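Visitor: I have a protein chain on screen. Please walk me through how its parts fit together.

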Amino acid sequence: MKIIITGGGWAGCSAAYMARKQGAEVVLIERTDSLLGTGLVGGIMRNNGRFTATEELIAMGGGEIFKIIDQNCRHTNISFPGHEHASLYDIAKTPVAITNYLLEIGVEVKFIERVVKAHVTDGAIQSIETASGNVYEGDAFIDTTGTAGPMKNCIKYGNGCAMCIIRCPSYGGRVSLAGICGISEITGKKADDSIGAMSGSCKLYKESLSPEIIEALNTKGVAVIPIPKELIENHLSAKACQQYALKEFSENMVLLDTGHAKLMTPFYSLEKLHKIPGFENARYEDPYAGGKGNSMRFFDMAPRTNALQVIGLKNLFCAGEKAGLLVGHTEAIVTGVLAGYNATRHISNMPLLEISRKTAFGEAVAYVNEEMQTKEGLGKKYTFSGSVLFEHMKKLNLYETDVNRIQENIKNEGLWNVFAC
Ligand SMILES: Cc1cc2nc3c(=O)[nH]c(=O)nc-3n(C[C@H](O)[C@H](O)[C@H](O)COP(=O)(O)OP(=O)(O)OC[C@H]3O[C@@H](n4cnc5c(N)ncnc54)[C@H](O)[C@@H]3O)c2cc1C
């Protein structure tokens with residue numbers, strides 16, 4: 001079995017791990033020089049319903065990626081407005097730990113290789129080709145190219161290129177594998193019907209903040225600093241991550257320690273920022289133009305089944321943001337694992353796995369797919385950690401923080417260790 005994965009964000013890394021675990025030969029192709037994609041500047045895990053989804057995947061025997069993240073956390077079990085029992089991974093150590101793990105288990109990782117062409121016959125991909133002319137043949141393919149950028153989208157639908165971690169000018173912008181195969185893709189909207197959504201956090205150079213803020217971040221992981229009324233900027237409706245679109249996030253500077261100081265707003269004028277006590281010397285680390293804007297996301301999602309097979313191609317699977325309006329690392333990891341697993345089942349002519357809707361994981365995959373068929377649903381974002389999906393989970397009694405009960409549920413649904421063999 002040979003599986004070629006395009007895009008080394010959290011979804012691609014997780015798909016690679018699972019496909020390899022199932023015995024496939026795996027090539028993971030990444031456009032830039034590092035794995036984790038937007039996860040290079042993320043870090044928040046296990047907040048609210050993400051805890052349940054994380055423990056479910058561990059109980060299903062597919063949780064090694066989560067275990068590596070847990071080992072690389074700077075803070076665990078912290079709270080910040082609207083969010084409980086969160087962990088924050090170290091954004092410098094985690095990408096290296098994941099890369100080393102994937103190499104150790106035998107995944108072939110190709111850096112600075114951007115997929116730009118696909119060769120399709122009889123409704124199946126035969127091979128893909130990168131900008132440097134290398135051709136990769138496979139039995140099944142996984143599209144985990146995400147939905148962020150490229151620059152033309154940030155210019156057209158956002159505030160221009162903000163020079164973010166995606167680094168389009170250096171490595172070339174995102175290219176959708178499903179898109180180049182001729183699949184008609186789906187674009188997310190905001191509630192006001194405008195296209196795309198802006199990433200919801202920036203990173204400040206921690207050492208540029210006051211000693212009191214640094215101390216709070218290092219010891220507690222979180223600092224909440226009220227913004228003087230005349231300096232408040234409200235960017236909540238632009239945010240991709242609606243779980244943080246709470247008034248506490250526009251009235252306060254909410255900072256989280258991921259190595260840098262993660263500032264929970266899409267952008268904020270540097271001039272105004274310097275007027276807030278403690279931020280007089282603040283400096284943006286991501287995006288570099290965080291005073292002006294941020295990356296735009298949720299373009300080009302693939303139509304797919306609940307087994308994460310792309311509709312319209314026999315041997316293409318997808319995960320992460322590519323698989324719908326799913327925001328977050330946890331969401332990318334669980335779908336990545338499922339896509340990697342099902343790609344191997346497809347090659348072996350075995351029935352594809354759909355996860356029971358009596359789990360948070362299965363319900364999220366199916367519910368988002370349904371919601372995306374409606375105009376209203378396309379205007380929302382879905383995450384285990386807040387907003388519509390978390391509310392939906394709570395209504396269905398799928399939010400659980402007792403690990404024993406989560407394990408019991410997974411056993412009852414016949415999913416115990418399903419990914420382990
Ligand atoms: C600034 C920011 C902060 C965030 N913070 C958090 C957080 O704290 N917690 C959380 O849970 N979520 C957070 N998120 C959301 C989260 O990062 C994403 O929803 C999730 O990680 C998406 O993963 P993905 O693998 O689907 O896509 P991506 O992370 O976008 O990865 C896609 C990968 O594909 C590569 N690629 C694209 N096209 C090609 C091609 N043609 N050939 C080869 N490679 C290609 C890209 O270079 C990239 O590495 C944040 C997002 C942003 C932008």
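Visitor: Which domains is the protein chain divided into?
Guide: This is a predicted model. One domain is built from two separate stretches, 2-193 and 296-412. The other covers 200-286. The names are domain 1 for the two-part unit and domain 2 for 200-286.

Visitor: How many Å separate the centres of domain 1 and domain 2?
Guide: The centres are taken over C-alpha atoms. On that basis, the separation is 27 Å.

Visitor: How many residues does the contact take from domain 1 and from domain 2?
Guide: Contact here means heavy atoms within 4.5 Å. Both domains contribute to the contact. Domain 1 gives 30 residues, and domain 2 gives 29 residues.

Visitor: What area do domain 1 and domain 2 bury between them?
Guide: The size of an interface is often given as the accessible area lost when the parts come together. Here, 63% of the buried area lies on carbon and sulfur atoms. The area that domain 1 and domain 2 bury is about 2,000 Å².

Visitor: How many residue pairs are in polar contact across the interface of domain 1 and domain 2?
Guide: The pairs counted have both residues at pLDDT 80 or more. With that condition, the rule finds six.

Visitor: Which strand supplies the largest share of the side of domain 1 that touches domain 2?
Guide: β4 (73-80) and β5 (83-89) each supply at least two residues of that side. Five residues come from the strand with the largest share, β4.

Visitor: How many charged residues are on the side of domain 1 that touches domain 2?
Guide: By class, that side has 12 nonpolar and 12 polar residues. Its charged residues number six.

Visitor: Which residue forms a salt bridge with arginine 74?
Guide: The cut-off is 4 Å between a side-chain nitrogen and a carboxyl oxygen. In this pair, the closest N and O atoms are 3.1 Å apart. The partner of arginine 74 is aspartate 257.

Visitor: How many residues apart are aspartate 143 and lysine 322?
Guide: Their side chains meet in a salt bridge at 3.8 Å, N to O. Aspartate 143 sits in strand β10 (residues 140-143). Lysine 322 is in the loop between β18 (316-318) and α11 (329-347). The pair links distant parts of the chain, 179 residues apart.

Visitor: How many aromatic pairs does the rule count?
Guide: Rings pair if their centres lie within 6.5 Å. By this rule, the count is seven.

Visitor: Why is the pair of tyrosine 17 and tyrosine 101 tilted?
Guide: Tyrosine 17 lies in helix α1 and tyrosine 101 in helix α4, 84 residues apart. Their ring centres are 6.2 Å apart. Planes under 30 degrees apart count as stacked and over 60 as edge-to-face. These planes are at 50 degrees, so the pair is tilted.

Definitions and conventions
Residues are numbered from 1 along each chain as its sequence is written. This is a predicted model: local features need pLDDT of at least 70, side-chain atom pairs count only at pLDDT 80 or more; totals for chains, interfaces and linings use all residues. Side-chain values use heavy atoms; hydrogens and water are left out. Domain bounds come from an automatic or database domain assignment. Buried area is the accessible area (1.4 Å probe) that two parts lose on being put together, summed over both. A polar contact is a pair of N or O atoms within 3.5 Å; within protein, one must be able to donate a hydrogen and the other to accept it, and residues adjacent in sequence count only if both atoms are side-chain atoms. Helices (H or I, at least four residues) and strands (E, at least two) are DSSP runs, numbered from the N terminus. Ala, Val, Leu, Ile, Met, Phe, Trp, Tyr, Cys and Pro count as nonpolar, Asp, Glu, Lys and Arg as charged, and the others, Gly among them, as polar. Rings of Phe, Tyr and Trp (its six-membered ring) pair if their centres lie within 6.5 Å; planes under 30 degrees apart count as stacked, over 60 as edge-to-face and the rest as tilted.
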